[in-house]
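Student: Could we go through this one together, strands and charged pairs included?
Tutor: Sure, pull it up and fire away.

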Amino acid sequence: MASEPILAKGLKLSLDYLGENTASEKEALEAKATYIKMLERIAEVPLVQKWNKEHVKSPTLNESGDGIEPLNISIKLTQCGLDQGTEFAEKNLRDVLEAAKRLHNFVRVDMEASEYTQRTMDMIERVRMDYKNTSTVLQTYLHRTPDDVEKIIKWGARVRLVKGAYLEPADVAFPEKSKVDEAYVRLGKRLLDAGTYPAFATQDESIVNILNAYAAERKIDKSRFEYQMLYGIRRDLQDRLASEGYNVRIYVPFGDAWYPYFTRRLAERPANTLFILKSLFRG
C-alpha cells in the first residue's frame, strides 16, 4: 500500500475518498461500499497490523497519541446520502462505523457547508451512543463554533479543528481572515485545556507555534493532540513537528471527484489556491 512509506516515517494518515452531495441512493451505497473496502484494506497494512497487536485492547480509543490509530478515514455525510434522507444517511454511516469498530479503526465525519452543520452535529451525537469511534470537524470561521466546541468537550469526543473553506454569509461566518485566525487560536487553546485528543488541521506555522507554546506553558504532553496537514503541503513543517515529537497526520484526498471538488473550492474561496501554491513552493 502506498501509505506505508509515510507510516514508516512515524507519521499518521487519514484517507479521504473525495465526493459529496451524491445525486442518488445508488451513488451513496457505492460510496459506503468504498469506505468499508478502505477500512478492510487498511487492516491489511503490516504496520497497522503491528500497531493493533501492540495497542488495541478494546474498541474504545483513548486520548493519548500512543493509543490513536495510525491510519483512519474521513467521510462526508452528503456522500453517505444525506440529501436523500437523514435516516438513509445515518444507516450508511452506522454500517461504516460497525466495520470500523470490528477492525479497531476510527472514522472522521467531515463538516460541510453551514446548512449541514446542525444535522451533522445531531447525527454524530446519536451514533456516538453506540459508536465511540467517530466524531467530526469544527470550522472556526462559523459564529456558532464556540458552542459546538463545548458540546464536543462534553461528549468526550475527538475533533478536528479547521478554519473553514466554504463561502458563507457574514451573519454565519467571519469574513475577515484575522478574526478566523483569532478564533482558531482561542478555540485551539480551549481544546488543549479540556478536549479529548484534538486534531489541529492547519499549515499556518504562526498558529502552530502559538499552540505549541501554550501546550508547553500548560505542561500539556505532546501525546495528547495532533497536527493534520494536506499531503505534499508544508512538508518542511510536517518533518519539523515530527522530529520534535509531535503527532502529525497527513490528510490524503483521492478519487475521481478531485476536479469538481477543487474547482468548487476555487470558486468559493480563491485565496485558498494562493495559500496552497505558496505552501507547495515552500514545502
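What follows is a short back-and-forth on this predicted model.

Student: Which strand pairs with β4 over 4 bridges?
Tutor: Start with β3 (residues 107–110), which pairs with β4 in the parallel sense over 3 bridges. On another pairing, also parallel, there are 4 bridges, and Val 137 has Arg 160 as its bridge partner there. That strand covers residues 159–162, and its name is β5.

Student: Which helix does the chain cross through from β4 to β5?
Tutor: Helix α5 (residues 117–127) belongs to the right-handed β-α-β unit with β3 and β4. From β4 to β5 the crossover is right-handed too, and its helix spans residues 145–155. That helix is α6.

Student: How many residues of β4 are buried?
Tutor: Buried means under 20% relative accessible area. Strand β4 runs over residues 134–139 and is mostly covered. The count is 6 of 6.

Student: Is Glu 90 buried or exposed?
Tutor: Glu 90 forms a salt bridge with Arg 94, with the closest N and O atoms 3.1 Å apart. The two sit 4 residues apart in helix α4, so about one helical turn separates them. Arg 94 counts as partly exposed at 22%. Glu 90 has a relative accessible area of 12%, so we call it buried.

Student: How many residues apart in sequence are Glu 226 and Arg 249?
Tutor: Their side chains meet in a salt bridge at 2.7 Å, N to O. Glu 226 lies in strand β7 and Arg 249 in strand β8, so the pair ties together parts of the chain whose separation is 23 residues.

Methods. Residues are numbered from 1 along each chain as its sequence is written. This is a predicted model: local features need pLDDT of at least 70, side-chain atom pairs count only at pLDDT 80 or more; totals for chains, interfaces and linings use all residues. Side-chain values use heavy atoms; hydrogens and water are left out. Buried means under 20% relative accessible area, exposed over 50%, partly exposed in between (1.4 Å probe, protein chains only). Two strands pair if DSSP finds at least two bridges between them. A crossover is right-handed if, with the strands pointing away from the viewer, the path from the first strand over the helix to the second runs clockwise. A salt bridge is a side-chain nitrogen of Lys or Arg within 4 Å of a carboxyl oxygen of Asp or Glu.
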